[in-house]
Amino acid sequence: MQGKLTSAFHSEKQWLRRAPLPRGYTDYLGRKLFLFLLTVQGLGAFALITLGVILKKFGAAPNVMSPLIRHETARAGTKLAPMFAFIALALGFLVIGQTVSVLARFGATNCIGTVMVTVIVRELGPLLAAVLLLARVGTANVIELGTARALGEVEALEALGIDPVHYLIVPRVIGMTAGTFSLTVYLILGALGSGYLFAFLQNVPLTPGDYFKELAGSLSWLDFALLALKSIAFGFFISIVTCYHGLAQPVRLEEISRVTVRAVSQGIVVCILIDALFILLYLVA
């Protein structure tokens with residue numbers, strides 16, 4: 001039943017995309033709005049199915065699932081540590097080092113903590129980590145799952161009595177969620193440390209104790225809680241978007257590149273919407 005509904009949604013979306021352009025601009029907007037609602041419906045249903053499988057089959061087949069989860073966590077975490085170290089150095093130089101230098105020049109070093117927490121901890125760090133993971137791991141998810149779907153490997157798993165969502169999706173969702181959280185913390189800490197290093201090389205009159213005291217004074221328990229929730233939300237939803245486009249929709253091999261571009265575009269939109277939601281939470285709190 002689930003496969004029939006997915007095929008029906010896919011057929012409707014393909015018909016809408018390949019239909020001739022409407023004469024009226026209102027019809028064109030209506031078609032785009034309908035496509036958007038179908039995409040939201042499909043992503044929501046896929047997210048609920050994935051959550052249901054995680055809760056229902058938690059702890060099932062540990063000898064099979066544990067290595068898969070460790071592999072996906074390493075791919076979305078430890079294997080990306082060198083790249084994130086370089087990004088943290090670049091971020092510390094481009095943003096923090098220059099900001100600290102400018103604030104010290106105008107005698108506003110007491111604002112350093114507030115600026116760093118707002119720019120790096122709350123906004124730029126989590127969003128940049130999510131976008132990098134989307135580009136690096138999310139695209140791999142779409143290509144791998146889309147290829148498996150196109151070659152009939154998913155149907156083979158179902159014929160063997162193996163749940164494709166449990167075997168293919170759950171490890172990727174858990175791995176990307178854990179990887180996004182850990183790499184976000186890694187990126188923020190690296191950027192804050194390298195930022196002071198570059199400021200020190202520019203002879204900024206600010207001791208390490210004063211620098212970290214300003215940071216600690218500007219942080220609150222709410223920052224830590226919302227940072228954890230935001231990074232987990234980023235990891236979960238970008239994995240859902242990429243896995244949905246790779247597995248939930250039947251594709252041909254020649255369509256995988258187009259589907260990958262669409263998945264990355266929608267993933268970026270989802271990240272921006274989540275970030276906007278957390279901005280509202282910061283303002284309300």
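Is Glu144 buried, partly exposed or exposed? Glu144 is partly exposed, with a relative accessible area of 35%. Here buried means under 20% relative accessible area, exposed over 50%, and partly exposed in between, with a 1.4 Å probe and protein chains only.

The model is predicted: local features need pLDDT of at least 70, side-chain atom pairs count only at pLDDT 80 or more, and totals for chains, interfaces and linings use all residues. Residues are numbered from 1 along each chain as its sequence is written, and side-chain values use heavy atoms, with hydrogens and water left out.

## Overall build

The protein has 10 helices and zero strands. From the N terminus on, the order of elements is α-α-α-α-α-α-α-α-α-α. Helices (H or I, at least four residues) and strands (E, at least two) are DSSP runs, numbered from the N terminus.

The protein has 285 residues, and 43% of them count as buried. Its exposed surface is about 14800 Å². Carbon and sulfur atoms supply 71% of that surface. Accessible areas come from the Shrake-Rupley method with a 1.4 Å probe; for residues, only the protein chains shown count as cover.

Contact means heavy atoms within 4.5 Å. Among contacts with a separation of 6 or more, 85% involve residues 24 or more positions apart.

## Salt bridges

Side chains of opposite charge can pair when their charged atoms come close. A salt bridge is a side-chain nitrogen of Lys or Arg within 4 Å of a carboxyl oxygen of Asp or Glu. By this rule the protein has eight salt bridges. The table gives three of them.

| Acidic residue | Basic residue | N to O distance |
|---|---|---|
| Asp223 | Arg122 | 2.8 Å |
| Glu144 | Arg172 | 2.6 Å |
| Asp275 | Lys230 | 3.0 Å |

Take the pair of Asp223 and Arg122, with N and O 2.8 Å apart. Asp223 lies in helix H9 (residues 221–248) and Arg122 in helix H5 (residues 112–150), so this pair ties together parts that are 101 residues apart in sequence. Asp223 is buried, at 2% relative accessible area. Arg122 is partly exposed, at 23%.

In the second pair, Arg172 meets Glu144 at 2.6 Å. Arg172 sits in helix H7 (residues 164–201) and Glu144 in helix H5, so the bridge ties together parts 28 residues apart in sequence. Arg172 is buried, with a relative accessible area of 10%. The pair also belongs to a network of salt bridges that links Glu72, Arg75, Glu144 and Arg172.

The third pair joins Asp275 and Lys230 at 3.0 Å. Asp275 is in helix H10 (residues 256–284) and Lys230 in helix H9, so parts 45 residues apart in sequence are tied together. Asp275 and Lys230 are both buried.

## H7 against H9

How do the axes of H7 and H9 cross, and at what angle? They come within 8 Å and cross at roughly 145 degrees. Axes are lines fitted to C-alpha atoms, for helices over the stretch in contact, and angles run from 0 to 180 degrees between N-to-C directions.

The H7 side of the contact includes Leu168, Arg172, Met176, Phe181 and Ile188. The H9 side includes Leu227, Phe234, Ile238, Cys243 and Leu247. By class, the contact has 15 nonpolar, six polar and one charged residues. Ala, Val, Leu, Ile, Met, Phe, Trp, Tyr, Cys and Pro count as nonpolar, Asp, Glu, Lys and Arg as charged, and the others, Gly among them, as polar.

## Three buried positions

His166 is in helix H7. It is buried, with a relative accessible area of 11%. Leaving aside neighbours within four places in sequence, His166 is in contact with Val53, Lys57, Ala60, Met65 and Pro171.

Cys271 is in helix H10. Its relative accessibility is 1%, which counts as buried. Not counting residues up to four places away in sequence, Cys271 touches Leu127, Ala130, Phe234 and Ile238. Cys271 and Phe237 are 34 residues apart in sequence, with their C-alpha atoms 8.1 Å apart.

Ala88 is in helix H4 (residues 81–105). It is buried, at 3% relative accessible area. With residues up to four places away in sequence not counted, Ala88 touches Leu187, Gly190, Ala191 and Ser194. The C-alpha atoms of Ala88 and Gly195 are separated by 8.8 Å, and the two residues are 107 apart along the chain.
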